[in-house]
Amino acid sequence: MAEAIYDALGQVLTRWTMGSAAAPVAQVWKAEIGEDPVEAELRLLALSGQFLGMAVIAEPPADLRAWPDLPALALPTLPDALRPLARRVLAAGDGRHKRNLAQFVAGRGWTLHPADWMPAASEDEAPDVYAPWRDWIEAAASGSGPTGGAPESLTTANWENILPAARNAALSDLRRRDPGAARSLLETMLPGEGADIRLRLLGQLAQGLSEADAPLLESLAANDRAPKVKALAASLLARLGRGSAVGEEAAELAGFFTLGTKGLLRRSRTIWANVLKTPAQRMRRQTLFAGTDYSSFAAALGMSGEELAAIWGWGGDAQADIELAAMAERSAPDAIVADLATALAENNLPNLGPLRALAPRIGPTQRAAIAQRVLHGKGSYQDALAVAGPGGRVQGVIDVPAEAALLRALGGADARPGDHAPELLALGMLATRAGAQKALDRLVRGAGLLQADPRLDMLRLNAALEDRGVQG
Amino acid sequence: MLEVVRALGDWVAIDLGRIEALATDQASLKAAAGLAKPGKWSGVGGSVDGALIWGECAGSGANPYRVMADLRDLGNKCTCPSRKFPCKHVLALLWLNAEAVVAFPPGEIPGWVSDWLGRRRGAGAVPGGAAARPASDAPKDLRAAQSAEADAPDDPKAAARREASAAKRLEETERAILDGLDALEQWIGDQLRLGLAAFIDDATARCRRIAARLVDGKAAALAGRIDELPARLLGQPAGDRPRAAVVELGKLVLLARAFRAAPRDADIRRAVASSETRETILASGDTVRVIGLWEVLVEQVQTRRDGLVSQTTWLLNLEPEGPRFAMLLDYYPASAGRRTSAFTPGERFRGEVAFFPGRNPLRALLLQRAADGADTRDWPEPAPDLAEALTAPLHAEPWVLDIPLLLPRGRVAIDAAGQGWWRSADATMALPLAEGVEGLIRGTELTRAAALWSGNRLAILAARTPWGRIGADG
């Protein structure tokens, strides 16, 4: 009977869709719907609707495919008790903010729960610990089958079996443990990869870069098919002091600056940016900075890289400061980057752009130290966070001008309930666990904030989250 | 008169004068007087520093109202739909505090209070500012409000008059509804005659017109349902819409016929006209009351075309017996702004739920509750026959739109077109999923899942997994 009804309904639906009476073709229900044409259509509609709603369920296609299980990560997920706090912090910001929290949590030896946050497959800036999830998303979406767990060690034999994000994380780990083995592996495997992947993999050599990497880099700088890979290899070579010779562009860039002396008793050399008269000049200088390596620029000015770092007149031209820092981040040797970072921290610049540009090349310890200097100067917690990153490892976040300013602002007569949320969030991401607890006490007792004030969520999460001693 | 005072680092309660000043009018105070009684409240508490107080007050809705106040500036919030600010529930909470009618034990601040604090950002709730200013200069008197609370003596003649008048109103209403249903059937016939393809293309405008006619005909519930019909249709893949239109319109015919046959049937009347009041439900001998452990599955908030916002909370009964699901449904005007959630998905509480009388008890009122996060028992076993569970409610009420289900072990699978399916672990059943199944739920076994079946799509509300309990959004 059901078969007959089902067969008849095809015609019934077609007729109704087009606006024709369907009762004449519903012989199977002839007795039930009666003779009256109007009533018959309504009865047929009621019967058809109930039959379709109850007895007809779509058949699954034969190609149904279940995604593989989401892999467990190397670090545990946050304790359940802290997940509501983490969810509230996650909800308070954009993608970068969410990655910051993921990084903070990873630094403490935890991961976010996948129901609360998962990185996108393309989210290269997500902490390495999330690589298996990124690969899972990519593999599941593309139907490329189950994802394997991270291998003990990356080798040429298992290279193809590991998905990109996990492979990148494994390569990073190998480079940290055995730089030579990572280089050899790259030497063998790079030619078989696409340009974007080559670029990403080559970036791993920045970690622990040494003279031993020079032959590979020289080969890539000379022979790779992709201009971006060539440029990255050249930048890495420049970091080793093997920059290109002074060319026309470096000389042209040097022409935008003037060398002179300063001081009355102790005369010392300095360099300042010439005043730019047109936007075209500014654009040209910016292009030259982006295409020249640091050592070549210093040589074009007739000095060593160290000397340039020592005499650069910070604060004279904010844009030039940022462009020099970006150039150094890309192509200056480690020692010079460290000199520049120290000089920047000592200068207490109102504009933190140069420090931010340089930050990827500064180690976490020095970044934390610089962040402390920023806080002891006139910098805010947000400034310090921009430098240190959300590692939750900066000591001495209280008894600094930033704290006094914050307490003053929060306790002011015109304070509003939502004020200074970004500053409190930054404090929460910077502080150590003990520092977060102290800061909470001060804010509750000193500024009269409620313990449950949502602006304190990040600090509360920080103070409650056990530090499992893992660096993110 | 005492002011709000901070002493030794703690905030202390306010005095009655402040409450009088805060009230919008004497009527609010009078209403608050009726609520400022311990029996009306549960979950009363305060922050350790004494600055915040909160509590839950039984109201006319399905959910108790969550009421909270910040004693520093008398900022306040209540989940009731009242347009008065502050509402009677807030005034009553402050009253309870000022007069120490009940104890406000200090404790951990609930998430819903924290959420409210978060949303106060930039709201202008400045200490000593707008929130603390008297709402009206008209004279108000708490004591007078209290004295006016005395019940009026029963008057048998007046009661008889009220009863006769109510019966007459009921008759008039039924007549109007039946006229409305005639118009509805004629309209349905027109849609068939003009073609369902054209109906689907113009569903919003056409449904709006007949819905307005039904509102005039006092069939408000049916009108609301028809107003939402286009959204349900358009939520289907284009190829499924003619079929979905037949199912939707067919259910309307069945409902109209059912009302004609039994206009006083509670289930049918609720689906066509309006729901019984809280008082009627509580007084009815047919009301099923269930005391037990409940888990909040999800809270769905939807702005409807008729200007109302529906707030639906799905509860799972964790006890072995009794109705498996309870649906708490409240409506409030969209113009009243966003309401604070009454629940947090996943929270468990021990409470008493009163089900509206019916063939498949589902819609319910929450009478009282007490948090019980300590009971970590697993979800109950699903019904042994899933196919039967999908259709059984439709035998009793063929016009029902959504059927809540507890699904056995299974997981999400995807077809070549990207359509998600829930598939049982033994592969004997696969049901197509509604859109929006992303993230973790695609990559884990669902040891149990609670879902809504709408006849051709399954919407997962929450699930138990090796990763713990997860909601539909991941």
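How many residues of chain B are in contact with chain A, and how many of chain A with chain B? In this predicted model, where local features need pLDDT of at least 70, side-chain atom pairs count only at pLDDT 80 or more, and totals for chains, interfaces and linings use all residues, 60 residues of chain B meet 45 residues of chain A. Residues are numbered from 1 along each chain as its sequence is written, with chains lettered from A and ligands numbered from 1 in the order in which they are written. Contact here takes two C-beta atoms, placed from the backbone, within 7 Å of each other.

On the side of chain B that touches chain A, helix α10 (residues 241-261) gives the most, with nine residues. Sorted by class, that side holds 32 nonpolar, 17 polar and 11 charged residues. In this sorting, Ala, Val, Leu, Ile, Met, Phe, Trp, Tyr, Cys and Pro count as nonpolar, Asp, Glu, Lys and Arg as charged, and the others, Gly among them, as polar. The two chains also share a strand pairing: β1 of chain A (residues 65-66) and β13 of chain B (residues 410-414) run antiparallel and are joined by two bridges. Two bridges is also the least that DSSP must find for strands to pair. In this pairing, A:Ala66 sits opposite B:Ala413.

Now for chain B itself. It has 13 helices and 18 strands, which are DSSP runs (H or I, at least four residues, for helices; E, at least two, for strands) numbered from the N terminus. Of its 474 residues, 43% are buried. That label needs 20 or more other C-beta atoms within 10 Å of the residue's own, while 12 or fewer make it exposed and anything in between partly exposed, with C-beta atoms placed from the backbone. Among chain B contacts between residues at least 6 apart in sequence, 62% link residues at least 24 apart.

Helix α2 of chain B (residues 26-35) is largely enclosed by the rest of the structure, because seven of its 10 residues are buried. Those seven are B:Ser28, B:Leu29, B:Lys30, B:Ala31, B:Ala32, B:Ala33 and B:Leu35.

A few backbone oddities turn up in loops. The peptide bond from B:Phe85 to B:Pro86 is cis, with omega near 0°, and B:Pro86 belongs to the loop between β6 (75-78) and α3 (88-98). B:Ala100, in the loop between α3 and α4 (111-119), is not a glycine yet has a positive phi, near 55°. B:Ala100 is exposed, with 9 other C-beta atoms within 10 Å. B:Ala427 also has a positive phi, near 60°, and lies in the loop between β14 (420-424) and β15 (430-432). With 11 C-beta neighbours inside 10 Å, B:Ala427 is exposed.

The domain assignment, automatic or from a database, splits chain B into domain 1 (6-147), domain 2 (156-272), domain 3 (278-371) and domain 4 (386-471). The C-alpha centres of domains 2 and 3 of chain B are 24 Å apart, and six residues of domain 2 are in contact with seven of domain 3. On the domain 2 side, α9 (220-234) and α11 (266-272) each supply at least two residues. By class, that side has one nonpolar, one polar and four charged residues.

Last come the nonpolar cores, sets of buried Ala, Val, Leu, Ile, Met, Phe, Trp, Tyr and Cys residues joined through C-beta atoms within 7 Å. The largest has 209 residues, and A:Leu358 and A:Leu430 have the most contacts inside it. Apart from it lies another core, of 49 residues, including A:Val12, B:Leu184, B:Cys207 and B:Ala244.
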